[in-house]
Amino acid sequence: MVTDLRLGFYGDDFTGSTDALEALASAGLRTALFVAPPTDAQLARFGGLEAVGVAGCTRALAAAEMADELRPVFTRFAELGCRVVHYKTCSTFDSSPQVGSIGRAIDIGQEVFASPFVPLLVAAPALQRFCAFGNLFARSGLDSEVFRLDRHPTMREHPITPMDEADLRVHLGRQTGRAIGLFDVQMLARADRAAALTDLLGAGTEIALFDAMADADLRKIGALVWARAVPGRTLFAAGSSGVEYALCAHWGEGEAPKPAGGAEVARALVMSGSCSPVTERQIARALAAGFGEVAVDTAQLVTGGREAQAEVARLVAESGRVIATGKSPLLHTARGPEDGRIAATADRLRTMGYGEMDIKLKSGEIFGRMLGDILKALLAETGLRRACVAGGDTASYAARQMGVEALEMVGKMAPGSPLCRVVAGESAVDGTEIAFKGGQVGGDDFFTVVLKGRP
């Protein structure tokens, strides 16, 4: 089935996938985000799509497991004839040679597409991510100072993929043997930048990393990338939603009319599986604003069996009591990185025979699936129609557990985390509005914004 799709993208986690969805939909492109490679029937139901995405989970996969996940998606995009296929990474480039390897993903993509080169754009100024002379910089939340990534208060301490190197060429070079070249800010400023790119590729560059500090840089990069996207031969790219912002800027797509939806609701349900300091501040602000706190006993939840079932029943009942008082329930697996439940849960998993890496990788899956069940039950029992799921790994597994088939953007909440309308067949989740939020995304008032909407 060959289509007129300009772009197909795979997001390495769920919240990052909605980030790319927002960039495209905000620019006026009809876009749908699926949880599996879309069938012909699904594409026909949506109709008129210009871009499609698949919300994935490779950020939390071992490198050896990534091929089984990615090849079917990339093969489907090739069948659809997408002019550009984008492996969408987190804007903080979360990865290592062992887990979430972006280098491995690029190698797999090139096995499928044999693209003449791989444009790599990680900077996303709208998300406060900047790249200068190959080094990545980012804020911690929307209001902090800008940190070089190896000095970023969260990323340097990341529990699975700590960032000890801000030069993306060095960091990515640990994950792939492909030649990485830099198209820096000075080259971008040249009038003959197209010729400069030709020279860079002629010198043997297989992956071209683009600097970007401002939206004007993205427009130039979008023109360079699109010029290389020859009809009939897919161009394979990697990087953050900066890729979408760059292409849309070049295509001349303006800000789309504000989608309907996103107005204030009486109550919303928040479920957090994040231990980020940013989410910690957001939880504190929401509780101060009147949300009802429901703390998850994570050690009991991961045990499984009757203990886990009892904890799920307790959380559903307690959340129901909060709703009955007129408040919005806020369930969390941690209040922040120093929460004692993190160590207690790791100890419980060790007694169950989990190794240290499995503890880091499996806890998000366990929590995500459980929280997905709880959210689905609460939506069915209470009739609430708006929710938020915080935590990239948590969101990925929770959405699948709820039976989510696809998402469309409803409205903006914070850059990178839109409010989405859920397509989920006959499920009680179908038609609900859910914001899937990454740990580093949003201002301190994010959860209250989900409740009240944006004007």
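This section describes the nonpolar cores, two helices, a buried glycine, an internal cavity and two residues of positive phi in a predicted model. Residues are numbered from 1 along each chain as its sequence is written, and side-chain values use heavy atoms, with hydrogens and water left out. Because the model is predicted, local features need pLDDT of at least 70 and side-chain atom pairs count only at pLDDT 80 or more, whereas totals for chains, interfaces and linings use all residues.

The largest nonpolar core, a core being a set of buried Ala, Val, Leu, Ile, Met, Phe, Trp, Tyr and Cys residues joined through side-chain atoms within 4.5 Å, contains 122 residues, of which Phe 74, Phe 77 and Tyr 87 touch the most other members. Here buried denotes a relative accessible area under 20%, exposed over 50%, and partly exposed the range in between, as computed with a 1.4 Å probe on protein chains only. Helix 14 (residues 356-382) gives the most to this core, with nine residues; helices (H or I, at least four residues) and strands (E, at least two) are DSSP runs, numbered from the N terminus. A second, separate core comprises 19 residues, among them Ala 286, Phe 291, Val 410 and Met 413. In soluble globular proteins, nonpolar side chains tend to be buried together.

Contact is defined as heavy atoms within 4.5 Å. When neighbours within four places in sequence are left aside, Phe 77 is in contact with Gly 8, Phe 9, Tyr 10, Val 52, Val 54, Cys 82, Val 85 and Phe 113. Gly 53, which is found in strand 3 (residues 51-55), is buried, with a relative accessible area of 0%. Not counting residues up to four places away in sequence, Gly 53 touches Phe 9, Ala 32, Leu 33 and Phe 34, and its C-alpha lies 9.6 Å from that of Lys 88, although the two residues are 35 apart in sequence.

The expected span of a helix is taken as 1.5 Å times one less than its number of residues. For the 27 residues of helix 14 this span is 39 Å, which agrees with the 39 Å between its end C-alpha atoms. Helix 14 nevertheless has a kink of about 35° centred on Lys 362, where the bend at a residue is the angle between axes fitted to the seven residues ending there and the seven starting there. The helix is followed by Gly 383, whose phi is positive, near 80°. In helix 1 (residues 14-26), 12 of the 13 residues are buried, so this helix is largely enclosed by the rest of the structure. Just after helix 1, Gly 28 takes a positive phi of about 95°.

Positive phi values also occur at two residues that are not glycines, namely Ala 114, at about 45°, and Phe 133, at about 50°. Ala 114 is placed in the loop between helix 4 (102-113) and strand 5 and counts as partly exposed at 44% relative accessibility. Phe 133 lies in the loop between strand 6 (129-132) and strand 7 (135-139), and at 42% relative accessibility is likewise partly exposed.

A cavity is a set of points, on a 1 Å grid over the protein atoms alone, where a 1.4 Å probe fits but cannot get out, and lining residues have an atom within 4 Å of a point. The count comes to one cavity of 30 Å³ or more, and about 50 Å³ of space lies in the largest cavity. Its lining includes Phe 210, Ile 221 and Ala 237, and strand 5 (118-121), helix 8 (215-227) and helix 9 (242-251) each supply at least two lining residues.

Key:
On a 1 Å grid over the protein atoms alone, a cavity is a set of points where a 1.4 Å probe fits but cannot get out, and a pocket is an open set with protein on both sides within 12 Å along at least five of seven lines; lining residues have an atom within 4 Å of a point. Grid points are joined across faces, edges and corners, and a volume is the space filled by probe spheres set on the points.
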